[in-house]
Amino acid sequence: MTTAINAPQPAVAAVPGTVTCPACRAKVTSAPIERWTAAEAANFFVVPSRNADRNARCSAALAKLWNDRPCEVYECNACGLGFGWPHLSGSNEFYAITHEQADYPPFRWEYPQAAQHAIAQFPAGGLVLDVGAGHGNFSKQLPAGWSYYAVESTEVMRQRIEQRGHKTFTSLEHAADAHPNAFSFIVLFQVLEHVADFDGMLAILRRLAAPGAVLAMSMPYGPEIARRVAVATCPDMPPNHINRWTPPAVAAAVARAGFKLESHRVQPPQVRNVLYTAYLRTIAQAARQPRSLAGRWYSVQNKKARIALAPPLGVLQLLRMAPRLRSAALSANFLTFSRAV
Ligand SMILES: [Zn+2]
C-alpha cells in the first residue's frame, strides 16, 4: 500500500446533484448501479460474526467518511470507469481497521510481464521505481543493470526491502524531491483502484519520470469485475476499491498528467481463481446470513479448526458454482503501459 491511498481526498464534483467521471470528466447522467450504507459495507469488510467489535468500528469509520449518507457507485457512459460517489479513498481509520486482517501477496502475475516489458524497452537498464512495493519482490524480476527503488508506507515492509540493499521512500513526494526526472520505468501494482486523487498521484509520477519513461500499472479489470462478482456474490466495495478501471479510463487519466497509454493486457482466466471465488462467495454468504453453513464456518474463531472444515464447504461451493466456472476463473486484472510524453 502507498501513502497516498490513505488520505481522504475531496470529492471531485463541487456542484450538488451533478456527478462527473473522475477519469474522463464526462457528466454521468445515468442512475447509480449500486448504493451501500456504511453498515452494509462494513459487513463485507469485517464479517460481524467473526468480530462484532471490529465490525462496529468499521461501520462508524465509514459513516464518518461518507457523512452519514450511503455511498453510490456510478458507471461512466463515455470511458466505462466505475467509481464510488462520494469519490473518496478509504480513511486512515478505515485501513487501520481492515488491515488488521490483511496480508501482502508475495507474487503477482504482472511482475514478470512488466519486467519483460522493461527489459525490452530499456535493454541497458536504468532506474526503476516500485510504488506501493509491499515485499519489494518485483525487484527479483529485474536483471543486473537496473537500480530498484521503492515507495512503501508500511515500516516493516520498508525494512525488509532495505535489508536487501534497496533504497526506499515513505512517500511519492519524498521520492520526487530526491530524484526528479530520474526513473525510466515506474510500476504501480494494484494501487490506482484505491486512489481517489489519482490526478495528484499521476502528476507526481510524471515529475519522477525520465524522458520517454514507461509507467506500468496493474489494477482490477472493470469489464470482468461484474461477471466475477455475480458468481462470487461478493461485491467489489468502496471505499477500498473506489475506482473500477477500463483501458479508455486509464488513457483519459494518464493523458492529463502527460502520459500516453500505449498498450494493455488482460490477465487470462486461471483455474486457481475458482477456489478464491469460492472463498469470496463463502465470506459473502457469511456476511448476509450468519446462520447459514458458511456463516457458522466463518464464525469459528480457531483458525486450525476453520482450515480443517474448509474442504467439504469448498466442494459444496464448487457444486453451486458449476454452471459458471468460467466466470469464476476470471482474473479480473489488467496491466497497462503508458509513456511519458
Ligand atoms: Zn469517464
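Two residues are in contact here if their C-beta atoms, placed from the backbone, lie within 7 Å. Keep that in mind as we walk through this predicted model, starting in its core.

With neighbours within four places in sequence set aside, Val187 is in contact with Ala114, Val128, Asp130, Val131, Phe138 and Ala216. Val187 also belongs to the largest nonpolar core, a set of 100 residues. Together with Ile186 and Leu215, Val187 is among those with the most contacts inside this core. Which strand gives the most to this core? That is β8, residues 209-220, which supplies seven residues.

Let us turn to a sheet. Strands of a sheet pair through backbone hydrogen bonds, either parallel or antiparallel. In this open sheet, four strands follow the order β1-β2-β3-β9, and the pairing is antiparallel. Why do β1 and β9 each have one side without a neighbour in the sheet? Both β1 (34-36) and β9 (243-244) stand at the edges with a single partner strand, so one side of each is left open in this way. Further in, β2 (residues 71-75) and β3 (residues 82-85) run antiparallel and are joined by four bridges. If you would like a place to look along this pair, find Glu75, which stands opposite Gly82 in β3.

Following the chain on from β3 brings us to a cis peptide bond, the one that joins Trp85 and Pro86, with omega at about 10°. Pro86 sits in the loop between β3 and α3 (92-98). Another cis peptide bond joins Pro238 and Pro239, and here omega is about 5°. The place to find Pro239 is the loop between α8 (222-232) and β9, and β9 is the edge strand we met in the sheet.

Two backbone angles also deserve a glance. Arg25, in the segment before β1, has a phi near 70°, a positive value in a residue other than glycine. Ala332 likewise has a positive phi, near 50°, and is not a glycine. You will find Ala332 in the loop between α13 (325-328) and β11 (333-340).

Are these residues buried or partly exposed? A residue counts as buried if 20 or more other C-beta atoms lie within 10 Å of its own, as exposed if 12 or fewer do, and as partly exposed in between. Arg25 has 14 other C-beta atoms within 10 Å, so Arg25 is partly exposed. Ala332 has 24 within 10 Å and is therefore buried.

Definitions and conventions: Residues numbered from 1 in each chain as written. Predicted model: local features only at pLDDT ≥ 70, side-chain atom pairs only at ≥ 80, totals over all residues. Pairing = 2+ DSSP bridges. Helix = DSSP H or I, 4+ residues; strand = E, 2+ residues; numbered from the N terminus. Core = buried A, V, L, I, M, F, W, Y, C linked by C-beta atoms within 7 Å.
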